Amino acid sequence: EPQELVDAFEARVAADEFIEPKDWMPEAYRKTLIRQISQHAHSEVVGMLPEGNWITRAPSLRRKAVLLAKVQDEGGHGLYLYCAAETLGASREEMIDALHSGRAKYSTIFNYPTLTWADIGAIGWLVDGAAIMNQVPLQRTSYGPYARAMVRVCKEESFHQRQGYEIMMVLANGTPEQREMAQDALNRWWWPSLMMFGPSDENSPNTAQSMRWRIKRDTNDELRQKFVDVTVPQAEFLGLTVPDPDLKWNAERGAYDFGAVDWEEFYAVVRGEGPVARERMLARRKAWDDNRWVREAAAAHEAKRAAKKAA
Ligand code: 3HC
């Protein structure tokens, strides 16, 4: 690539300018953005499955309506992000095929089962809480369409996090069985939520380049630390115990020291060995096949409208 174009691009990014679809960009910048944005979209769409599991079993009409709204939001986030990836030249079919064939990744967090209603609270509180920590800085990511998509997504994530925390508050202040359910959900979702931030910085092949190109504004470990510092007081307010015996406030650092993430588990789940990974892929492939007629009908309708307009 012509050096003067690369230099001009680097200068624009360093000046915190947004790069827009029609602007010149290094092929590697385009490629890593398609990688990150499409996998972000896959995560949103697969993320509908664990929560969808409880829509028909929500404990009240209000909880059902709120969960329905949240799951629909996640689907919308996925479509928003597929569109952002398409502005870089990615095709929807290719991205979906990459997900269904296992070539593309989606967040490890969605490979864990939702065993009780308290999991819906823990997911909203912890998983959407981690997503907010990760997505707020992405509102200033250097690629314009991605940054703008994040502004809308973050507004909805806040509602997701609040409704989850409210579920945990009700359970934590409920009967002993309800308290136990809330603690059990925290025990199962705490560490997988920390894994959402990715491998440690020294084991992250993409972070250095993504920081230089201001795709990322903070590193994986920085965001993980911020998440722990914000979330531990929330667990204490609920009277619940974070399942980490090494968790301790470090006054010198002004942050919590915490235990080591189980990277064995992380990489196993990234490799597709998560507890319900197979079911997630089967469900996505089935939905894609079952809804083929909707896509074909929409395409036929579009073709008719175009023909009418051209006549
Ligand atoms: N699950 C699956 N794969 C993961 C992962 C995780 N939790 N964390 C990292 N990886 C993958 C990366 O994709 C990368 O593989 P690749 O090169 O084949 O894509 C590899 O592990 C090494 O990780 P890196 O840190 O080098 O990769 P990144 O620099 O891309 O950082 C990331 C990973 C922090 C997830 C970053 O991609 C990111 O910020 N993505 C946007 C946010 C996102 O995708 N969040 C996923 C959850 S969506 C969500 O929470 C929705 C909410 O509504 C619930």
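By class, 9 nonpolar, 4 polar and 4 charged residues make up the lining of the second largest pocket. Keep in mind, as you look around, that this is a predicted model. The pocket in question, the second largest, has a volume of about 360 Å³. Its lining counts 17 residues, and those closest to the centre of the pocket are Leu79, Ile96, Arg284, Trp288 and Arg295.

Where does the lining of the second largest pocket come from? At least two residues each are supplied by helix 4 (61-86), helix 5 (92-100), helix 12 (277-290) and helix 13 (292-310). Helix 5 gives the largest share of this lining, with 5 residues. If you wonder how such spaces are found, rolling a probe the size of a water molecule over the atoms shows where empty space is left.

Now let us turn to helix packing. Two packed helices are described by the angle between their axes and the distance between the axes. Helix 6 (residues 118-138) is a good place to practise, and the table sets out its pairings with helix 7 (residues 144-172) and helix 8 (residues 176-195).

| Helix pair | Angle between axes | Distance between axes |
|---|---|---|
| Helix 6 and helix 7 | about 150° | 7 Å |
| Helix 6 and helix 8 | roughly 30° | within 9 Å |

Start with the pair of helix 6 and helix 7, whose axes make an angle of about 150°. Angles over 145 degrees count as roughly antiparallel, so helix 6 is roughly antiparallel to helix 7. In the contact of helix 6 with helix 7 there are, by class, 17 nonpolar, 9 polar and 2 charged residues. The crossing of helix 6 past helix 7 is left-handed.

What about helix 6 and helix 8? Their axes cross at roughly 30°. Angles under 35 degrees count as roughly parallel, which means that helix 6 is roughly parallel to helix 8. Here helix 6 passes helix 8 in a right-handed crossing.

Finally, step back to view the whole protein chain. How many helices and strands does the protein chain have? Its secondary structure comes to 13 helices and 2 strands. The radius of gyration of the chain is 21 Å, close to the 19 Å that the globule rule gives for 311 residues, so the chain is as compact as a globular protein of that length. Along its principal axes, the C-alpha trace spans about 70 × 50 × 30 Å.

Terms used. Residues are numbered from 1 along each chain as its sequence is written. This is a predicted model: local features need pLDDT of at least 70, side-chain atom pairs count only at pLDDT 80 or more; totals for chains, interfaces and linings use all residues. Side-chain values use heavy atoms; hydrogens and water are left out. Axes are lines fitted to C-alpha atoms, for helices over the stretch in contact, and angles run from 0 to 180 degrees between N-to-C directions. Helices (H or I, at least four residues) and strands (E, at least two) are DSSP runs, numbered from the N terminus. Angles under 35 degrees count as roughly parallel, over 145 as roughly antiparallel, 65 to 115 as roughly perpendicular and the rest as oblique. A crossing is left-handed if the near helix is turned anticlockwise from the far one by less than a right angle, and right-handed if clockwise. Ala, Val, Leu, Ile, Met, Phe, Trp, Tyr, Cys and Pro count as nonpolar, Asp, Glu, Lys and Arg as charged, and the others, Gly among them, as polar. On a 1 Å grid over the protein atoms alone, a cavity is a set of points where a 1.4 Å probe fits but cannot get out, and a pocket is an open set with protein on both sides within 12 Å along at least five of seven lines; lining residues have an atom within 4 Å of a point. Grid points are joined across faces, edges and corners, and a volume is the space filled by probe spheres set on the points. The radius of gyration is taken over C-alpha atoms; the globule rule is 2.2 Å times the number of residues to the power 0.38.
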